[in-house]
Amino acid sequence: MDSSTALPVGTTVTVVLTKAGKVKVRYPATVVADDGTHLVVEAAWAGDGVRDFGFVRFEGGDVFTEHYWRDRWYAVKAVRGGDGVLKGWYCDVTRPADVQGREVVVEDLDLDLWVSADRGTVLRLDEDEFAASGLEERDPWAAAAARRALDELELGAWADAA
């Protein structure tokens, strides 16, 4: 199955998040929609225990509705608590999603954006990690695409997944 072939709704896939060539996390998800370009999956919080960022907590019972595009340099994750209440949107700057069979492979490029449920808080995250990653020296074109993606997200591109 090539990366432009739509996955059937209800299919179980494995999301594989890589960073600097290494697998950061992998977890199961269920396909909610896929038009061949925009893939939407739903997954439970895949982290160990609670992750408290200060502005939001991810914890057991949280459900992520994750939007991946095969032609955009970001992924958008709507985060709901176990009670169904929207916490907000966590946006990852990534290379375009690569669907390989039943795996959705996404390369994290360090830059992130958080948008609160009330849309009142918009935070750019991890710019220091991005600068330290060396991507700007190794692959200036990809680094420029990543910065453009973060700007697009800050201007509201995440709302495509709202």
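# A guided tour of the predicted fold

The protein chain contains 3 helices and 11 strands. The coordinates belong to a predicted model.

**Whole chain.** Begin with the complete chain in cartoon view, coloured from the N terminus onward. The order of elements is β-β-β-β-β-β-β-β-β-β-β-α-α-α. Along the principal axes, the C-alpha trace spans about 40 × 40 × 30 Å. The radius of gyration is 15 Å, which agrees with the value near 15 Å for a compact globule of 162 residues. Of these 162 residues, 43% are buried. Among contacts between residues at least 6 apart in sequence, 46% join residues at least 24 apart.

**The largest nonpolar core.** Next, select Val 76, Val 93, Leu 153 and Trp 158, and show their side chains. These are the residues with the most contacts inside the largest nonpolar core, which has 24 residues. Extend the selection to strand E7 (74–80), strand E8 (86–94), strand E10 (103–116) and helix H3 (140–154), each of which supplies at least two residues of this core. Helix H3 gives the most, with 7 residues.

Now centre the view on Leu 153. Beyond its neighbours within four places in sequence, Leu 153 is in contact with Tyr 74, Val 76, Cys 91, Val 93, Leu 113 and Trp 158.

**The second core.** Then select Val 13, Tyr 27, Val 41 and Val 104. They are among the members of a second, separate core of 16 residues. In soluble globular proteins, nonpolar side chains tend to be buried together.

**The largest pocket.** Switch to a surface representation and select Leu 17, Lys 24, Trp 45, Arg 51 and Phe 53. Of the 25 residues that line the largest pocket, these lie nearest its centre. The volume of the largest pocket is about 560 Å³. Colour the lining by residue class: 12 of its residues are nonpolar, 1 is polar and 12 are charged. To trace the lining back to the fold, select strand E1 (12–19), strand E2 (22–34), strand E6 (63–69), E8 and E10, each of which supplies at least two of its residues.

**Phe 53.** Finish by isolating Phe 53, one of the residues nearest the centre of the largest pocket. Phe 53 is found in the loop between strand E4 (51–52) and strand E5 (57–58). Is Phe 53 buried or exposed? Its relative accessible area is 25%, so Phe 53 counts as partly exposed. As a last step, set a distance between the C-alpha atoms of Phe 53 and Asp 71: these residues are 18 apart along the chain, and the separation is 29 Å.

Methods
Residues are numbered from 1 along each chain as its sequence is written. This is a predicted model: local features need pLDDT of at least 70, side-chain atom pairs count only at pLDDT 80 or more; totals for chains, interfaces and linings use all residues. Side-chain values use heavy atoms; hydrogens and water are left out. A nonpolar core is a set of buried Ala, Val, Leu, Ile, Met, Phe, Trp, Tyr and Cys residues joined through side-chain atoms within 4.5 Å. Buried means under 20% relative accessible area, exposed over 50%, partly exposed in between (1.4 Å probe, protein chains only). Helices (H or I, at least four residues) and strands (E, at least two) are DSSP runs, numbered from the N terminus. Contact means heavy atoms within 4.5 Å. On a 1 Å grid over the protein atoms alone, a cavity is a set of points where a 1.4 Å probe fits but cannot get out, and a pocket is an open set with protein on both sides within 12 Å along at least five of seven lines; lining residues have an atom within 4 Å of a point. Grid points are joined across faces, edges and corners, and a volume is the space filled by probe spheres set on the points. Ala, Val, Leu, Ile, Met, Phe, Trp, Tyr, Cys and Pro count as nonpolar, Asp, Glu, Lys and Arg as charged, and the others, Gly among them, as polar. The radius of gyration is taken over C-alpha atoms; the globule rule is 2.2 Å times the number of residues to the power 0.38.
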